[in-house]
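User: Hello! I am new to this structure and would like to go through it step by step. Could you guide me?

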2 protein chains.
Amino acid sequence: MADAGSLQRLDVLFRHLTPGDADGQNGLVVAPTAARDVSLPRFDTNVMETYLDELSSVKEDVYETFRHRPNLLPATLEGLSKEEQRELARQQLKLLLKAGYSPLRFYVHDIKKYYYLGELLSVVDLSFTVKMGVQYSLWGGSILNLGTEKHKKAYFEDIDKFRLPGCFAMTELHHGSNVAALQTEAVLDIATDEWIINTPDDGALKWWIGNAAEDGRAATVFARLKVPSPDGSGSLVDHGVHAIVVPLRDGAGNVLPGVEIKDCGYKVGLNGVDNGSIRFSGVRVPRENLLDRFASVDRSGQYRSPYSASRRFAATLGELTGGRVGLICSSLGILKGSLTIAVRYGATRQQFGPANAPEIAVLDYSSQQEKLMPMLASAYAIHFTSRFLVDQFAEAKRTKEEDVIADVHALSAGLKAYVTNYTATALSVCRECCGGHGYAAVNRFGMWRSDHDIFQTFEGDNTVLLQQVAGLLLKKYKERFAVAPVTATYRYLRQWAAESLPPNPLVSHETSVRHLRDPAFLVRALRYRTGKLLFTLAQRLSKHTRRLGQFHAWNKCLSHILTLARAHIESVMFERFLDGVNNCPDADCKKSLKVMAEVFALQRIQADILFRNDDYVAAEKVKAIGRLLERLRAEMRAQAVPLVDAFNIPDHILRAPIGLSHQDPYDHYLEGAGWTATTSLTT
Amino acid sequence: MADAGSLQRLDVLFRHLTPGDADGQNGLVVAPTAARDVSLPRFDTNVMETYLDELSSVKEDVYETFRHRPNLLPATLEGLSKEEQRELARQQLKLLLKAGYSPLRFYVHDIKKYYYLGELLSVVDLSFTVKMGVQYSLWGGSILNLGTEKHKKAYFEDIDKFRLPGCFAMTELHHGSNVAALQTEAVLDIATDEWIINTPDDGALKWWIGNAAEDGRAATVFARLKVPSPDGSGSLVDHGVHAIVVPLRDGAGNVLPGVEIKDCGYKVGLNGVDNGSIRFSGVRVPRENLLDRFASVDRSGQYRSPYSASRRFAATLGELTGGRVGLICSSLGILKGSLTIAVRYGATRQQFGPANAPEIAVLDYSSQQEKLMPMLASAYAIHFTSRFLVDQFAEAKRTKEEDVIADVHALSAGLKAYVTNYTATALSVCRECCGGHGYAAVNRFGMWRSDHDIFQTFEGDNTVLLQQVAGLLLKKYKERFAVAPVTATYRYLRQWAAESLPPNPLVSHETSVRHLRDPAFLVRALRYRTGKLLFTLAQRLSKHTRRLGQFHAWNKCLSHILTLARAHIESVMFERFLDGVNNCPDADCKKSLKVMAEVFALQRIQADILFRNDDYVAAEKVKAIGRLLERLRAEMRAQAVPLVDAFNIPDHILRAPIGLSHQDPYDHYLEGAGWTATTSLTT
């Protein structure tokens with residue numbers, strides 16, 4: 001809270017370094033970075049919003065539902081116990097249902113609306129959205145995707161109406177990512193035609209199960225299916241992990257016999273979600289409770305599946321990736337909210353300025369622009385990519401085409417990892433950009449960061465998901481040469497890399513602005529990076545596998561693998577962003593979108609040492625990119641407020657006093673701190 | 001929480017890519033990355049601890065004080081109201097005082113012990129440490145450093161004993177960093193020999209003032225000093241910002257007339273510190289309350305100062321940089337705690353593994369090593385640098401040598417910015433490395449991140465502090481050529497850069513391990529980077545200043561300026577780390593320290609594109625560095641647990657169940673969740 005003095009000292013000492021610059025002149029120079037480089041036309045924020053959100057009427061409607069319910073929109077959750085936060089999330093969900101929203105129906109019949117709600121409601125309260133995700137994407141989704149008609153019939157209405165709150169009981173104390181190693185058991189008792197569910201040891205306690213601590217009446221429990229051997233020996237055959245519906249509580253909320261549930265206690269955030277741990281001791285459920293879309297067991301104990309064990313396992317987990325799409329949308333909602341606050345505040349908060357002149361807005365500092373403008377561009381990139389993903393997801397559900405399904409799985413995994421990590425970092429940067437006032441709980445950054453943090457881990461740890469993306473890229477490489485003899489695979493690969501993606505010495509030295517802003521150059525550069533990383537990864541894996549075996553070779557190359565996956569996702573994001581630019585019907589909006597797309601790609605090219613190591617981009621070209629980026633960020637800064645206004649998060653939903661639209665950032669902030677209510681402040 | 005299946009899928013598809021690798025062989029290959037490369041001898045953790053902590057007896061003593069006070073060491077702060085958290089911090093402080101600690105005495109007579117307590121107590125509770133910082137470094141420090149003998153005499157004992165809780169009332173609603181623009185006024189009334197303190201408008205409300213909301217009995221208020229013009233015209237002369245002691249509450253805790261205080265409410269963290277906002281309306285205090293070390297006003301209203309206005313302002317703020325040293329120590333304490341938990345848990349948590357073999361510890365994944373090992377190395381680097389800083393600080397206080405004082409100011413500013421930013425990032429990474437269980441509030445990452453977050457902003461915004469560092473470097477550059485004629489300054493600079501730090505084409509292609517681990521190479525490379533950045537910055541500033549004026553030129557170059565400052569700090573840190581290596585009397589400890597120092601430097605050289613752009617490091621050399629780093633991280637991993645054990649944070653202070661020493665990470669965790677207490681878990 002000190003340190004202005006030092007800037008003043010710098011003034012003094014710097015004057016000695018630049019003797020030509022007389023003192024009094026500084027205030028007269030009319031050349032702030034932001035103003036000088038402005039060339040973008042002012043666009044209409046309504047036009048931009050309509051272009052971004054085809055369902056903007058849903059936004060209006062659902063946010064209106066909350067307008068007159070201030071008790072459901074508290075200024076902050078700090079100071080509320082976890083029980084109070086859970087009651088709040090429950091009431092928020094009940095209001096939504098009462099207003100006629102039917103989430104599980106949307107999930108089946110209007111998936112775009114379902115995911116859009118995920119984005120919108122995250123800004124209301126992230127516990128609320130995650131509780132919805134547990135109830136509908138996970139508990140409801142497991143019934144719909146892993147069960148058969150009888151299960152849908154039995155549960156659909158009660159799940160949709162939240163009359164049957166349920167759980168997705170997969171994770172155990174000892175196993176999160178490695179689902180195949182889960183230890184909970186479901187043993188078939190042929191005599192009674194029942195499954196007997198058991199928790200064999202501490203490590204197999206179900207852990208972090210959402211809805212379990214208070215609300216859950218039933219759960220989809222992932223357990224190793226053990227059925228008596230057909231040879232009549234009396235031994236059990238372990239068919240691996242399957243999903244079974246297990247009741248947890250009776251209608252009055254009492255935990256059923258054989259079930260023990262403990263509250264997981266306070267978490268870093270999301271304390272409105274009632275996570276619990278569960279132990280099963282000889283719990284019996286009817287044989288029909290097995291969700292039997294991919295495998296079934298008949299009255300005689302005969303196990304049947306049209307799939308191999310590994311295909312079935314993959315299919316079981318694959319059907320659940322829809323939950324990840326929801327996380328991407330919620331994370332995007334938080335990113336938009338966070339940038340809305342940071343940009344609006346940065347445009348009004350003033351600190352320091354030229355000698356004998358007014359202070360300037362902090363957003364006019366190039367350091368602030370360097371932090372926030374690429375982030376704003378990335379939010380738009382994520383916006384267009386997530387919309388594309390949701391479209392593809394709807395398409396995949398409709399057509400059930402294998403190719404589309406595979407693409408959706410890969411993109412949802414990669415984008416979930418990328419976006420949740422990006423938003424997590426952005427929340428910290430935005431808080432810091434808002435200085436001390438960003439640290440007031442009412443301004444929401446801290447709560448969002450705490451709530452959102454676990455998005456990087458649940459529904460697929462980001463590090464694991466990125467490995468899937470890399471694995472699928474390797475598979476595509478292989479398929480490309482499927483017709484060639486196996487032994488020649490690598491030769492072809494090498495040729496492909498050498499011919500299709502050569503660093504061109506002329507292009508690598510080309511520094512004209514026209515070239516640097518050419519989408520063709522940007523697309524090619526990002527694709528080159530992915531191709532190069534993929535090609536060299538395949539080579540390295542092949543080499544190390546011979547010596548170390550597959551597991552350790554993969555482990556040795558993990559850094560390369562993660563880098564490849566991120567590069568691929570950025571390449572996909574940029575191309576979807578370009579679609580978003582090209583399809584824009586409004587000329588003014590299009591110009592702003594184009595500048596942001598350029599900032600998105602150029603920043604990544606500038607930062608990645610791969611381009612320099614390969615001399616794909618010469619040293620002077622990196623410098624030219626740096627200069628151009630500086631200019632483009634300044635152009636964006638001039639449009640930054642309208643660019644976040646286009647997200648159109650209403651003030652009563654955004655709530656952060658320093659980030660409200662078209663208002664002095666201090667007005668509501670003072671009031672919230674008790675000042676204007678009791679004191680006349682203008683003296 | 002899904003996604004193991006996909007790894008299994010990858011297994012399948014990858015097998016196709018590597019046809020020579022038969023299935024069953026994988027389990028047989030004895031070559032995990034971590035084990036293969038181990039070459040470091042096991043050191044004695046007690047010897048390492050003794051080397052790190054010359055005051056380790058203080059650690060034992062102060063932590064012992066808390067051993068039997070579990071009520072002062074709650075598992076988590078979640079669910080406690082801010083009032084309850086404040087009472088907790090108060091009780092923690094009172095226990096410390098009762099145990100005979102005398103913080104303000106240490107501050108004056110044993111500064112090393114004072115700062116060491118800051119590191120140690122941060123792991124107890126960060127609100128407690130920050131409250132101590134407010135009371136002793138800020139409130140006490142302002143009396144000692146800005147006041148004169150009469151002030152010390154009046155307040156010392158009461159401050160030390162916390163009988164006179166006080167505030168450091170600098171920041172206002174509208175101004176944090178720009179202290180020179182503060183608006184609170186202190187007008188001299190010659191008739192009554194008093195200052196009249198006023199808050200002229202909303203923007204001048206004192207804001208975020210620690211100790212103000214509940215405890216503060218008085219405050220050092222920073223206000224514009226206005227005294228009647230000596231010309232007798234009746235007009236007031238504004239002498240700029242000075243510090244004055246203003247009583248806030250009477251002995252019974254009632255707010256005094258003319259003072260209004262509001263609670264700043266919930267913050268992102270540090271809710272155990274009672275921050276408030278304050279309004280002054282015609283509050284009168286005796287003339288002697290001006291802290292008059294650097295400027296005084298006599299009975300006749302005559303203002304006197306031996307300094308120019310800018311020197312005085314700098315001196316006023318400069319005397320307060322000691323607070324920053326405390327923040328560095330506290331931040332280091334949190335970094336050590338966080339790494340202790342993440343490393344111990346990572347060494348025991350297992351997930352996935354080779355086919356037909358047990359699962360491996362997550363710390364054996366190279367991706368985990370890439371995240372955590374450089375962080376552990378950096379913690380040691382920060383340790384040695386902060387110890388050096390504290391020594392220098394003590395030296396500066398003792399000798400009052402201008403050179404030492406200037407060095408301490410620069411290093412404390414830069415290190416504060418670097419370390420607090422580093423720790424903030426590390427907390428997020430460590431949480432993520434601990435997966436879902438890292439998200440349990442009891443495992444402390446979330447609370448630490450929320451509490452520590454503001455360390456990046458208060459006592460000097462990091463972005464502002466880094467600019468100071470760069471400014472001081474520019475000054476040193478200038479001084480180097482002070483004898484040369486002014487016009488030739490830049491020519492000399494250019495020559496200096498060209499001659500002293502040339503990229504040597506032979507060295508830039510040298511890739512031997514011996515060379516890459518040579519401290520001389522590493523020191524030279526990091527110094528080269530600083531020199532290059534400094535030289536080019538001076539050139540750019542000179543060029544742009546001619547066109548834009550000084551302020552806008554500085555603004556345009558901000559990215560360059562911040563990069564320079566960080567590069568400089570890393571260079572300093574590495575050299576202090578090398579001192580730490582070289583001075584180590586134990587051969588085994590020394591080997592581990594040396595590897596960490598190498599990882600610290602090599603990682604930064606690998607990551608920084610500057611070395612490539614200048615061809616200081618050729619492309620193949622970067623690759624060789626990458627391979628070496630991989631090996632050194634694996635070596636560190638084998639010693640990682642002893643390396644955090646050497647921090648020796650006792651279990652009762654660390655508390656996180658998954659991070660306790662030599663224990664199964666799940667034992668206490670289960671108990672805390674209510675399992676072992678009520679249920680027999682082994683079936």
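User: Let's start with helix α10 (residues 309–318) of chain A: how many of its ten residues are buried?

Analyst: Happy to help, and please keep in mind that this is a predicted model. Buried here means under 20% relative accessible area. In α10(A), the residues that pass include A:R312, A:F313 and A:A314, and A:L317 and A:G318 are also among them. Helix α10 of chain A is therefore largely enclosed by the rest of the structure, the number of buried residues being seven of the ten.

User: Is A:Q368 buried or exposed, and which helix holds it?

Analyst: A:Q368 has a relative accessible area of 10%, so it counts as buried. Leaving out residues up to four places away in sequence, A:Q368 touches A:V362, A:L363 and A:C433. The helix that holds A:Q368, spanning residues 366–399 of chain A, is α12.

User: Which residues does A:E630 contact, leaving aside its neighbours within four places in sequence?

Analyst: A:E630 sits in helix α24 (residues 619–645) of chain A. Its relative accessibility is 15%, so A:E630 counts as buried. With those sequence neighbours set aside, the residues in contact with A:E630 are B:R540 and B:K556.

User: And what separates the C-alpha atoms of A:E630 and A:G216?

Analyst: Along the chain, A:E630 and A:G216 are 414 residues apart. In space, the separation between their C-alpha atoms is 53 Å.

User: Which elements give two or more residues to the positive surface patch?

Analyst: The patch is formed by A:K543, A:R547, B:K623 and B:R627. The elements that give two or more of its residues are α19 (519–548) of chain A and α24 (619–645) of chain B.

User: Is A:R547 buried or partly exposed?

Analyst: A:R547 belongs to helix α19 of chain A. Partly exposed covers the range between 20% and 50% relative accessible area. A:R547 has 48%, so the answer is partly exposed.

User: What is the relative accessibility of B:V595, and what does it contact?

Analyst: B:V595 is part of helix α22 (residues 587–607) of chain B. Its relative accessibility of 2% is why B:V595 counts as buried. Without neighbours within four places in sequence, the contacts of B:V595 are B:L40, B:R517, B:L632, B:E635 and B:M636.

User: How many salt bridges are there over all chains?

Analyst: A salt bridge needs a side-chain nitrogen of Lys or Arg within 4 Å of a carboxyl oxygen of Asp or Glu. Counted by this rule over all chains, the number of salt bridges is 100.

User: How many residues apart in sequence are the parts tied together by A:D274 and A:K131?

Analyst: A:D274 and A:K131 form a salt bridge, with their closest N and O atoms 2.8 Å apart. A:D274 lies in the loop between β7 (259–263) and β8 (276–286), while A:K131 lies in helix α8 (residues 126–146), both in chain A. The two residues are both buried. The pair therefore ties together parts whose distance in sequence is 143 residues.

User: Which residue of chain B forms a salt bridge with B:D53?

Analyst: The closest N and O atoms of this pair are 2.6 Å apart. B:D53 lies in the loop between α3 (45–52) and α4 (56–67) of chain B and its partner in helix α12 (residues 366–399) of chain B, so the pair ties together parts 334 residues apart in sequence. B:D53 has a relative accessible area of 3% and is buried. The partner of B:D53 is B:R387.

Key. Residues numbered from 1 in each chain as written. Chains lettered and ligands numbered in written order. Predicted model: local features only at pLDDT ≥ 70, side-chain atom pairs only at ≥ 80, totals over all residues. Heavy atoms only, no water. Helix = DSSP H or I, 4+ residues; strand = E, 2+ residues; numbered from the N terminus. Buried < 20%, exposed > 50% of the residue type's maximum accessible area, 1.4 Å probe, protein only. Contact = heavy atoms within 4.5 Å. Patch = residues over 30% accessible without salt bridge, like charges linked within 9 Å, V, L, I, M, F, W, Y side chains within 5 Å. Areas by Shrake-Rupley, 256 points an atom, 1.4 Å probe, with all protein chains shown as cover. Lys, Arg positive; Asp, Glu negative; His and termini not counted. Charge placed at Lys NZ, Arg CZ, Asp CG, Glu CD.
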